[in-house]
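Thanks for making the time this morning. I would like to walk you through the packing in one model, so please keep the structure open while I talk.

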Amino acid sequence: MRQWAGHIGLFGRLLALLVLVMMVDFTANALIFEKASDFALHQEDAARLAERLVVADQVLETEPLISRPRVAGELSTETLKISWSPARERPLAALTLAALQGQILSAQPSLAHRNLQLHLSTFSEDIGGSLTLSDGSLVSFHNHSRRAWPLKAGRLISLVLPSLVLVGLALVMMQAILHPLRRLVLATRRVGTSQSSALEPAGPAEVRNLIHAFNAMQSRIDSLLATGTQTMLAIGHDLRTPLARLHLRLDEAPLDPAAREAMQGDIGEMRDLLSSLQTFVEPRSAEPPRRIDIAAMVQTLVDNAQDQGSDASYSGPDTMVVMGRAVPLRRALSNLVSNALHYGGNAEVSLSVVNNRVTVVIADRGPGIPEEELAHVIQPFVRLDHARSRDTPGMGLGLAIVEKSLNGEGASVALANREGGGLVATVTLAGGAC
């Protein structure tokens, strides 16, 4: 059954839903009409109603037209309301009470020539009806009967039931349609990551076709990313060998010391460029997170900078354990500290817990970054010439590597200019301290 339903498109399901609701409505109304046709009162109640109708007919028939409305009101009781009108056309009745009409005519055959009609009132438990006088004027009446409430309840159910069925089935169908669409939305967020995977087609034919198209698109994207990554890694790996040969030949070449030093610097810069490029494109590590001391890691980076004569300082606890992968975290924090030292001249590193999240702040007193460039500086291969001199090494991948490394850990980095000059990089880890 499920396989058969899977081949029905969205239009077919909507059409089937409407047909089913129409069938429910038809069945409910058929049952109500059948019950209405069989509805009857107790014999004494039917006889009493017939007697009162005969009295009303005889009295109003002999009254002048001008006094008939008043007399009809005087003939009314608490349970039977009678009114007269000169109208010659009757309103159409939704439900006719054939069995009850037979009871009344059997009790008072004289009413047969008065064209008696009975029906169930729409918004009450009253039994309504009318009869015509000899001049064609109309006598209407409403008789209150508690026995009519099951029929009235059934009438209301017949009106509400199709709507309830329509709403219920619509909710079920929408849920069946939205469930695979929600899976598709979640899958789009994983496109291009190590968590991407093909979706199992489900839902109406249109949704399954969309999932098939998405799987094909995702396969092409994964193939392009894998090819590009392998190409860049292969280029970086293969270029290291000729660079090493150039370095060896340079050592043996009879060159001026100044020229030799400049060429060795260029070779070293090329080696660093290739290293950063490989770091940027290499796949994320599949190593599971483990407990690491983030405070010890940050202090080690600061101590190494101080050992090299750089202006670096640390403020924060001596130890703080978090869950994560040490290599990408160390790479990201090391790049941020190096950037602060290189472009700002100093690095002020602090570690704290803010709103139950571990936060590392790296600040400097350099020139900062123009506000309009803050949103773009993290993008790959972006270099700010006003912040870097033309002979500054690098490809503009430092902050891009930081963001990629932190995203793989569920962390984030935010850049902001510092009051009084400088830049502040705020790293927020995924969770709090263990």
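Let me begin with the largest nonpolar core of this predicted model, which has 39 residues, and among them Ile294 and Leu333 are the ones that touch the most other members. If you ask which elements feed this core, at least two residues each come from α9, α10, β8, β9, α11, which spans 398-407, β10 and β11. The element that gives the most is α10, with eight residues.

It is worth staying with Leu333 for a moment. Leaving aside residues up to four places away in sequence, Leu333 touches Ile294, Met297, Val298 and Leu301, and also Val360, Ile362 and Val427. There is also a second core, separate from this one and made of 21 residues, which includes Ala72, Ile104, Leu111 and Leu118.

Now to the helix pair. The axes of α9, residues 294-307, and α10, residues 326-344, come within 10 Å of each other and cross at roughly 35°, and the crossing in which α9 passes α10 is right-handed. Which residues make this contact? On the α9 side they are Ile294, Met297, Val298, Leu301 and Ala305, while α10 contributes Ala326, Leu329, Arg330, Leu333, Ser334 and Leu341. Sorted by class, that contact consists of nine nonpolar residues, one polar residue and one charged residue.

Let me turn to the sheet. Five strands form it, in the order β6-β8-β9-β11-β10, and the sheet is open, with mixed pairing. The edges are β6, at 311-315, and β10, at 412-417, each of which pairs on one side only. On average, and with direction ignored, neighbouring strands in this sheet are turned by 15° against each other.

Within the sheet, I would point you to β8, residues 346-354, and β9, residues 357-363, which run antiparallel and are joined by seven bridges. If you want one position to look at there, Val353 stands opposite Val358 in β9.

Finally, how do the two helices sit relative to these strands? Helix α9 lies across β6, β8 and β9, and its direction runs at about 160° to β6. Helix α10 packs on the sheet as well, touching β6, β8, β9, β10 and β11, the last of these at 423-428, and its direction makes about 140° with that of β8.

So, to come back to where I started, Leu333 is one of the α10 residues in the contact with α9, and Leu333 also touches Val360, Ile362 and Val427.

How values were computed: Residues are numbered from 1 along each chain as its sequence is written. This is a predicted model: local features need pLDDT of at least 70, side-chain atom pairs count only at pLDDT 80 or more; totals for chains, interfaces and linings use all residues. Side-chain values use heavy atoms; hydrogens and water are left out. Axes are lines fitted to C-alpha atoms, for helices over the stretch in contact, and angles run from 0 to 180 degrees between N-to-C directions. Helices (H or I, at least four residues) and strands (E, at least two) are DSSP runs, numbered from the N terminus. A crossing is left-handed if the near helix is turned anticlockwise from the far one by less than a right angle, and right-handed if clockwise. Contact means heavy atoms within 4.5 Å. Ala, Val, Leu, Ile, Met, Phe, Trp, Tyr, Cys and Pro count as nonpolar, Asp, Glu, Lys and Arg as charged, and the others, Gly among them, as polar. Two strands pair if DSSP finds at least two bridges between them. A nonpolar core is a set of buried Ala, Val, Leu, Ile, Met, Phe, Trp, Tyr and Cys residues joined through side-chain atoms within 4.5 Å. Buried means under 20% relative accessible area, exposed over 50%, partly exposed in between (1.4 Å probe, protein chains only).
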